[in-house]
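Colleague: I've got this model open and would like a close look at one part of it, the charged side chains and what surrounds them. Could you walk me through that?

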Amino acid sequence: MESTIEYICRYEAEGAILVFLTGWDEISKLLDKIKGNNFLGSPNRFLVLPLHGSMPTVNQREIFDRPPASMR
């Protein structure tokens, strides 16, 4: 999944990428991989927002905020 996301970020047009996973464990593992990735882990270029029903509502609402123009 990590390599697919990186490919999209490098070679496809701007826009959000939604990744659907089966549970919090998978979400957490992918989030760790993305944060550790030299390209995807850049907080100045990418905004990664995990979303799961067990998260507080305030965190879930972040997905509706438009990121800065320079970020994917």
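How many salt bridges does the count come to? Please take me through each of them, then go on to the arginine R72 and the largest pocket.

Modeller: Bear in mind that this is a predicted model. The count comes to 2 salt bridges.

Let's start with R10 and E6, whose side chains meet in a salt bridge at 2.9 Å, N to O. Both residues sit in helix α1 (residues 2-11), and they are 4 residues apart, about one turn of the helix. As for exposure, R10 is partly exposed, with a relative accessible area of 43%.

The other pair is D25 with K29, where the closest N and O atoms are 3.2 Å apart. This one belongs to helix α2 (residues 24-36), and again the partners are 4 residues apart, so about one helical turn separates D25 from K29. D25 has 45% relative accessibility, which means that D25 counts as partly exposed.

Now for R72. You'll find R72 in the segment after α3 (57-60). R72 is buried yet has no salt bridge. The nearest side chain of opposite charge is E12, and that is 7.2 Å away; a salt bridge needs a nitrogen and a carboxyl oxygen within 4 Å. Setting aside neighbours within four places in sequence, R72 touches quite a list: I8, C9, E12, A13, E14, G15, I17, R45, F46 and L47.

Some of those names come back when you turn to F39, in the loop between α2 and α3. F39 is at 10% relative accessibility, so it counts as buried. Again leaving out neighbours within four places in sequence, F39 is in contact with E6, C9, R10, R45 and F46. That brings you back to E6 and R10, the salt-bridge pair in α1. F39 and I8 are 31 residues apart along the chain, and their C-alpha atoms are separated by 12 Å.

Last, the largest pocket. About 1,100 Å³ of space lies in it, and 34 residues line it, with A16, I17, L18, L47 and L49 nearest its centre. I17 and L47 are also among the contacts of R72. Helices α1 and α2 each supply at least two residues of the lining, and α2 gives the most, with 4 residues. By class, the lining has 26 nonpolar, 2 polar and 6 charged residues.

How values were computed:
Residues are numbered from 1 along each chain as its sequence is written. This is a predicted model: local features need pLDDT of at least 70, side-chain atom pairs count only at pLDDT 80 or more; totals for chains, interfaces and linings use all residues. Side-chain values use heavy atoms; hydrogens and water are left out. Buried means under 20% relative accessible area, exposed over 50%, partly exposed in between (1.4 Å probe, protein chains only). Lys and Arg count as positive and Asp and Glu as negative; His and the chain ends are not counted. Contact means heavy atoms within 4.5 Å. On a 1 Å grid over the protein atoms alone, a cavity is a set of points where a 1.4 Å probe fits but cannot get out, and a pocket is an open set with protein on both sides within 12 Å along at least five of seven lines; lining residues have an atom within 4 Å of a point. Grid points are joined across faces, edges and corners, and a volume is the space filled by probe spheres set on the points. Ala, Val, Leu, Ile, Met, Phe, Trp, Tyr, Cys and Pro count as nonpolar, Asp, Glu, Lys and Arg as charged, and the others, Gly among them, as polar.
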